[in-house]
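Opening the notebook on this one. I'll jot down what I look up as I go.

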Amino acid sequence: IHNWHGDVTHGLALDVGDCVEILEETTFWFRGTCPRKPRKVGLFPKSYIHLKDLSKVDPVVAECTLVLREWSEIWKRLFVEREEYKFTSLRKVMLALLESRRELLSSTLTQDQTYDLQMKVISKIDWGNR
């Protein structure tokens, strides 16, 4: 709900709308990771985070998450096989999906904006599954 610059020892900088995976909890702090910063684990204040009820997650967001996990394996394979054009194309679509997912999760869009963005996400997923 607030930007956090991570200006403490082992702090994890966060921007408004970022999703985090919480690994540990203390009285005033969380320790966790942010998908936007893979392999980085750090601390951030509890007061800067809004916990979401996962039972109310948008099905498009859930599908987007699953697709990104699946595509990441394909993306790694393309890198190893030196398929530069496919690797670059898939990277661009994955980054666009990550950004769209972040926007949908931020809950700051109007209903019309949310619907339009959901349609774009579905279109990108359909493109990638061809």
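Entry 1, a serine side chain. I started with Ser-72 and looked for a partner to its side chain in this predicted model. A polar atom of that side chain sits 2.7 Å from the backbone oxygen of Arg-69. Ser-72 belongs to helix α1, residues 59-80. Buried or exposed, I wondered about Ser-72? Buried, at a relative accessible area of 19%; the cut-off for buried is under 20%.

Entry 2, the rest of that helix. I counted 22 residues in α1 and took the span from its first C-alpha to its last: 32 Å, close to the 32 Å expected at 1.5 Å a residue. Next I pulled up the buried residues of α1, which are Val-60, Val-61, Cys-64, Thr-65, Val-67, Leu-68, Trp-71, Ser-72 and Leu-78. A reminder to myself on reading such a list: an α-helix has 3.6 residues a turn, so residues three or four places apart point the same way. What do the buried residues of α1 pack against? I found α2 (84-106) and α3 (111-128).

Entry 3, the two ends. At the N-terminal end of α1 I found a cap, Asp-58, with a side-chain oxygen 2.8 Å from the backbone nitrogen of Val-60. Val-60 is also on my list of buried residues in α1. Past the other end, I noted that Arg-82 follows α1 and has a positive phi, near 60°.

Entry 4, cysteines. How many disulfides does the structure hold? I got zero. I then checked Cys-19, and the closest cysteine sulfur to its own is in Cys-34, 7.6 Å away. That is too far for a bond, because a disulfide needs the sulfur atoms within 2.5 Å. Coming from the other side, I get the matching result: Cys-34 is in no disulfide, and its nearest cysteine sulfur is that of Cys-19. I also looked up accessibility for both: Cys-19 counts as partly exposed at 25%, whereas Cys-34 counts as buried at 2%.

Entry 5, the strands. I turned to β1 (residues 21-25) and β2 (residues 29-34), which run antiparallel and are joined by four bridges. They form a hairpin, and I see three residues between them. Which residue of β2 stands opposite Glu-24? I found Arg-31 there. Cys-34 from the previous entry falls in β2, given its range of residues 29-34.

How values were computed:
Residues numbered from 1 in each chain as written. Predicted model: local features only at pLDDT ≥ 70, side-chain atom pairs only at ≥ 80, totals over all residues. Heavy atoms only, no water. Pairing = 2+ DSSP bridges. Buried < 20%, exposed > 50% of the residue type's maximum accessible area, 1.4 Å probe, protein only. Polar contact = N/O pair within 3.5 Å; in protein donor to acceptor, adjacent residues only side chain to side chain. Expected span 1.5 Å × (residues − 1). Contact = heavy atoms within 4.5 Å.
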